[in-house]
Amino acid sequence: MSIRISKEQARRFLIHYHFLDRDILSGTSGVMDYMNRVRCIQYDPLNVVGQNQDLILQSRISNYRPDQLRELLYTDYQLIDQWDKNMSICLAEDWPYFSRFRAKYIPWCNQHRDIIEAIVKKITTQGACCSSDFEFEDKVDWHYGETRMARAALEGMYYAGELVIHHKVRTRKYYDLAERHITTSVLHSPEPNATEQDFFDWFVLRRIDSIGLLWNRPSDAWLGIQPSIGSGFKSKERNEAFSRLLTNHKIVEVTIENMTFPLYIRSENLPMLEGITKQDALSKPHVRILAPLDNLLWDRNLIKELFNFEYRWEVYKPAVDRQYGYYVLPVLYGDQLIARFEPEKHHQNGKSVIKNWWWEKDLHIESSLELAVQEGMQRFGKYLI
């Protein structure tokens with residue numbers, strides 16, 4: 001089965017799928033509604049006008065406040081910090097699916113069991129701790145370079161599932177025992193994917209869920225967790241997973257006009273796509289400010305194809321090599337990406353300003369667009385207060 005739609009219909013579906021075309025989500029329940037749809041949002045510690053995860057949610061949740069996310073993470077534990085698409089925030093109920101990732105770190109923890117047991121003893125008696133609470137000063141090679149044993153041990157235990165992140169003070173992580181915060185039925189649930197092929201099929205479906213429409217091509221959309229054994233998730237494994245999912249009617253091929261490569265949608269979301277294709281264009285488009293690592297932007301080549309908008313996050317580029325700026329945010333208007341801007345926070349007075357603004361080339365700026373931008377920036381400004 002394959003369906004054919006226009007680029008405009010594909011854009012409108014994605015905007016609708018990500019709750020960017022309407023204001024219906026609010027509060028912690030709204031955050032969970034979005035998380036239940038996409039399963040994962042990317043965490044990043046950089047903070048210019050909020051961290052990436054908060055920028056994602058402010059564009060979808062009316063009157064969003066970062067405390068709403070922290071409540072779900074560190075009070076209710078409906079969400080957890082989890083390595084998925086790199087550092088991420090995921091649903092706690094998905095804990096069993098990450099068993100293969102955790103298994104990679106269990107041998108390391110077993111090799112340093114004396115240190116691990118000392119950490120468990122202290123956390124058991126004193127509660128959540130950070131790396132500075134321990135005096136394990138030996139330097140060890142870790143996946144990002146040399147670091148203190150205390151930090152490596154806590155992170156290793158966290159990756160292995162012995163600990164969870166209890167809370168953060170800015171970017172400093174405090175860890176607690178997983179058994180205190182993950183419900184027993186979830187914590188000890190068996191791995192749902194019996195084989196590595198099952199794992200890859202789940203992984204592909206998860207990434208399609210996180211974006212809405214996705215093609216079978218290499219991209220940053222596939223970054224993240226890997227199985228504990230086998231060759232890893234490469235082109236061969238990805239191609240085979242797509243083939244199985246199509247055969248089993250878990251996904252549907254979507255052909256887009258004037259695009260060489262097809263996209264794929266989860267079968268359960270096909271009615272939503274069909275509903276969008278029958279609707280007229282948005283009667284009153286509005287403006288939303290997107291996060292640099294927004295789910296919608298995970299596959300930037302796909303965004304270039306669909307939206308004719310080329311976006312690269314340039315924070316790690318030398319200043320002389322940047323086309324735009326250090327921390328630049330895309331501006332969505334209806335189903336079009338119409339601009340980008342560089343925000344900057346003045347540390348003396350705490351106010352945020354627009355350092356630079358770039359309209360897209362050949363954009364016709366009408367009064368209705370100017371008004372929508374004003375309203376969108378006012379909405380964004382309320383989030384910043």
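# A walk through the structure

Histidine 249 is exposed, with a relative accessible area of 63%. This residue makes a handy starting point: histidine 249 sits in the loop that joins helix α11 (235-247) to strand β12 (251-256). Its backbone has a feature worth a look, since phi is positive here, at about 60 degrees, although the residue is not a glycine. Please keep in mind along the way that you are looking at a predicted model.

Asparagine 63 invites a similar look. Phi at asparagine 63 is near 55 degrees, again a positive value in a residue other than glycine. You will find asparagine 63 in the loop between β4 (61-62) and α4 (66-74). Is asparagine 63 buried or exposed? Its relative accessible area is 64%, and exposed means over 50%, so asparagine 63 counts as exposed.

Now step back and take in the whole chain. The protein contains 14 helices and 17 strands. Measured out along its principal axes, the C-alpha trace would be a box of about 65 × 60 × 40 Å. The radius of gyration is 22 Å, which agrees with the value near 21 Å for a compact globule of 385 residues. Of these 385 residues, 54% are buried. The accessible surface comes to about 18,100 Å², and carbon and sulfur atoms account for 47% of that surface. As for charge, there are 49 positive and 52 negative side chains, and the centres of the two sets lie 2 Å apart.

How does the chain meet itself? Among contacts with a separation of 6 or more, 61% join residues 24 or more positions apart. The interior shows where many side chains gather. The largest nonpolar core has 119 residues, and those with the most contacts inside it include Phe13, Leu79, Val254 and Phe307. Helix α8 (residues 149-160) gives the most to this core, with nine residues. Apart from this core lies another one, of eight residues, among them Ala92, Trp95, Val164 and Ala178.

Phenylalanine 307 is a good place to look inside. Setting aside residues up to four places away in sequence, phenylalanine 307 touches Arg11, Leu14, Ile15, Leu332, Asp335, Gln336 and Leu337. One of these partners, leucine 332, belongs to strand β15 (residues 329-333). Leucine 332 has 0% relative accessibility, so it counts as buried. Beyond its neighbours within four places in sequence, leucine 332 is in contact with Ile15, Leu20, His286, Val287, Arg288, Leu290, Phe307 and Leu337. From leucine 332 to tryptophan 298 there are 34 residues in sequence and 15 Å in space, C-alpha to C-alpha.

Helix α10 (residues 196-211) comes next, and glutamine 197 is part of it. With a relative accessibility of 45%, glutamine 197 counts as partly exposed. Its C-alpha atom is separated by 8.6 Å from that of glutamate 240, although the two are 43 residues apart along the chain.

Phenylalanine 199 is found in helix α10 too. Which side of the burial cut-off does phenylalanine 199 fall on, buried or exposed? Its relative accessible area is 2%, and buried means under 20%, so phenylalanine 199 is buried. Leaving aside neighbours within four places in sequence, this phenylalanine 199 is in contact with Tyr97, Arg100, Asn193, Ile225, Gln226 and Pro227. For a sense of the distances across the model, the C-alpha atoms of phenylalanine 199 and asparagine 356 are separated by 44 Å, with these positions 157 residues apart along the chain count.

Further along helix α10 is aspartate 209. At 10% relative accessibility, aspartate 209 counts as buried. Which residues does aspartate 209 contact, leaving aside its neighbours within four places in sequence? They are Tyr17, Arg37, Val38, Arg39, Arg266 and Asn269.

The last stop is lysine 168, placed in strand β9 (residues 163-169). Lysine 168 has a relative accessible area of 18%; buried means under 20%, so this lysine counts as buried. Outside its neighbours within four places in sequence, lysine 168 is in contact with Tyr43, Tyr74, Asp81 and Lys173. Arginine 60 lies 108 residues from lysine 168 along the chain, and the C-alpha atoms of the two are separated by 24 Å.

Terms used
Residues numbered from 1 in each chain as written. Predicted model: local features only at pLDDT ≥ 70, side-chain atom pairs only at ≥ 80, totals over all residues. Heavy atoms only, no water. Core = buried A, V, L, I, M, F, W, Y, C linked by side-chain atoms within 4.5 Å. Buried < 20%, exposed > 50% of the residue type's maximum accessible area, 1.4 Å probe, protein only. Helix = DSSP H or I, 4+ residues; strand = E, 2+ residues; numbered from the N terminus. Contact = heavy atoms within 4.5 Å. Rg over C-alpha atoms; globule rule 2.2 N^0.38 Å. Areas by Shrake-Rupley, 256 points an atom, 1.4 Å probe, with all protein chains shown as cover. Lys, Arg positive; Asp, Glu negative; His and termini not counted. Charge placed at Lys NZ, Arg CZ, Asp CG, Glu CD.
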